[in-house]
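Visitor: I'd like a close look at a single part of this model, the kind of spot where the backbone deserves a second glance. Once you've covered it, could you walk me outward to the rest?

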Amino acid sequence: MRDAPIRFLFDYISPYAYLAWTQVHDLAARHGREVEPVPVLFAALLDAWGQRGPAEIPPKRVYVFKDVLRHAYRLGVPLVPPPAHPFNPLLALRASSLPMAPDARRELITRLFRETWGGGRGITDPAVIAEVASRVGLDGAEVVRRANDPDAKERLRAQTAQAVADGVFGVPTLVVDGELFWGFDSWPHVETRLRGEDPVDDARVRQWKDLPAAAIRPASRTR
């Protein structure tokens, strides 16, 4: 498993996923790994685990945008809010999931992220997705057509369902040799894992999993 690709689960709606995408390939290359991008629908992850998204909690929404601006400044990565947020990322996610060469997929994802968070037009307009796909050497009109086909919709549903089955609850999530790392701030832990120095082992995990709960909030207060 130590030569397995790093799986990168993402949704364009997440600015942290955008920042992570700008860095993940260098991280993987430092450890002789490839990156396997896996588009998933963040909203479906939230529904599966009974969570609210950061943009649905007003003070958290403001905090997140401040936080990503600070990260972007530190990294030297351009960051401009999209035309609207939240927005519907389904077509872009389906397009990014279509069968294609790895290099084309990487460039398509890069350009769609830039259209979202790099001062672009957003990615809710099929014409924008078609244009971006054409710029990476694909047939843009055909990409949009295929992204609307039932099999493309089912592919994204299946990828998201598998993510839930694997315990993924947010984006970005990196899967390194079966271990999940959620969020851009987990990067140092990913590096530690890839060096074979992860302090987490099965015995310590069992301590937390088996720890009894001494208080439980009423269901009406969990959302």
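Guide: Let's go to proline 86, which sits in the loop between α3 and α4 (90-97). Bear in mind that this is a predicted model. The peptide bond leading from histidine 85 into proline 86 is cis, and its omega is near 0°. Most peptide bonds are trans, and most residues other than glycine have a negative phi. So much for the general background; now back to the chain.

From that loop, you can step back along the sequence or forward. Stepping back takes you into α3, spanning 58-75, and α3 is the top contributor to the lining of the largest pocket, giving seven residues. α1 (15-30) and α2 (42-49) join α3 there, each of the three supplying at least two lining residues. The space in the largest pocket is about 810 Å³, and its lining runs to 39 residues. Nearest the centre are Phe42, Leu46, Gly53, Pro54 and Ala55. If you care about the chemistry of the wall, the lining splits into 22 nonpolar, eight polar and nine charged residues.

Stepping forward instead, you pass α4 and reach α5, residues 102-117, where threonine 110 is found. Its relative accessibility is 14%, so threonine 110 counts as buried, the cut-off being under 20%. The side chain of threonine 110 finds a partner in the backbone: the oxygen of arginine 106 is 2.9 Å away.

Both α4 and α5 turn up again around α6: together with α7 (140-147), they are among the things covering the buried residues of α6. Those buried residues are Val128, Ile129, Ala130, Val132 and Ala133, in a helix that runs from 126 to 135. At the N-terminal end of α6, aspartate 125 acts as the cap, with a side-chain oxygen 2.9 Å from the backbone nitrogen of alanine 127. Past the other end comes glycine 137, with a positive phi near 90°.

Further along there is another cis bond to put beside the one at proline 86. The peptide bond from valine 171 to proline 172 is cis, with omega near -5°. Proline 172 also belongs to a loop, in this case between α8 (150-165) and β3 (173-176). On the far side of β3, in the loop that leads to β4 (179-182), you meet aspartate 177. Aspartate 177 isn't a glycine, yet its phi is positive, at about 50°. With a relative accessibility of 16%, aspartate 177 also falls under the 20% cut-off and therefore counts as buried.

Now zoom right out. The protein chain has ten helices and four strands, arranged along the sequence as β-α-β-α-α-α-α-α-α-α-β-β-α-α. Its radius of gyration is 18 Å, close to the 17 Å that the globule rule gives for 223 residues, so the chain is as compact as a globular protein of that length. Along the principal axes, the C-alpha atoms fill a box of roughly 55 × 45 × 40 Å. Of the 223 residues, 42% count as buried. As for contacts, take those between residues at least 6 apart in sequence: 71% of them join residues at least 24 apart.

Key:
Residues are numbered from 1 along each chain as its sequence is written. This is a predicted model: local features need pLDDT of at least 70, side-chain atom pairs count only at pLDDT 80 or more; totals for chains, interfaces and linings use all residues. Side-chain values use heavy atoms; hydrogens and water are left out. On a 1 Å grid over the protein atoms alone, a cavity is a set of points where a 1.4 Å probe fits but cannot get out, and a pocket is an open set with protein on both sides within 12 Å along at least five of seven lines; lining residues have an atom within 4 Å of a point. Grid points are joined across faces, edges and corners, and a volume is the space filled by probe spheres set on the points. Ala, Val, Leu, Ile, Met, Phe, Trp, Tyr, Cys and Pro count as nonpolar, Asp, Glu, Lys and Arg as charged, and the others, Gly among them, as polar. Buried means under 20% relative accessible area, exposed over 50%, partly exposed in between (1.4 Å probe, protein chains only). A polar contact is a pair of N or O atoms within 3.5 Å; within protein, one must be able to donate a hydrogen and the other to accept it, and residues adjacent in sequence count only if both atoms are side-chain atoms. The radius of gyration is taken over C-alpha atoms; the globule rule is 2.2 Å times the number of residues to the power 0.38. Contact means heavy atoms within 4.5 Å.
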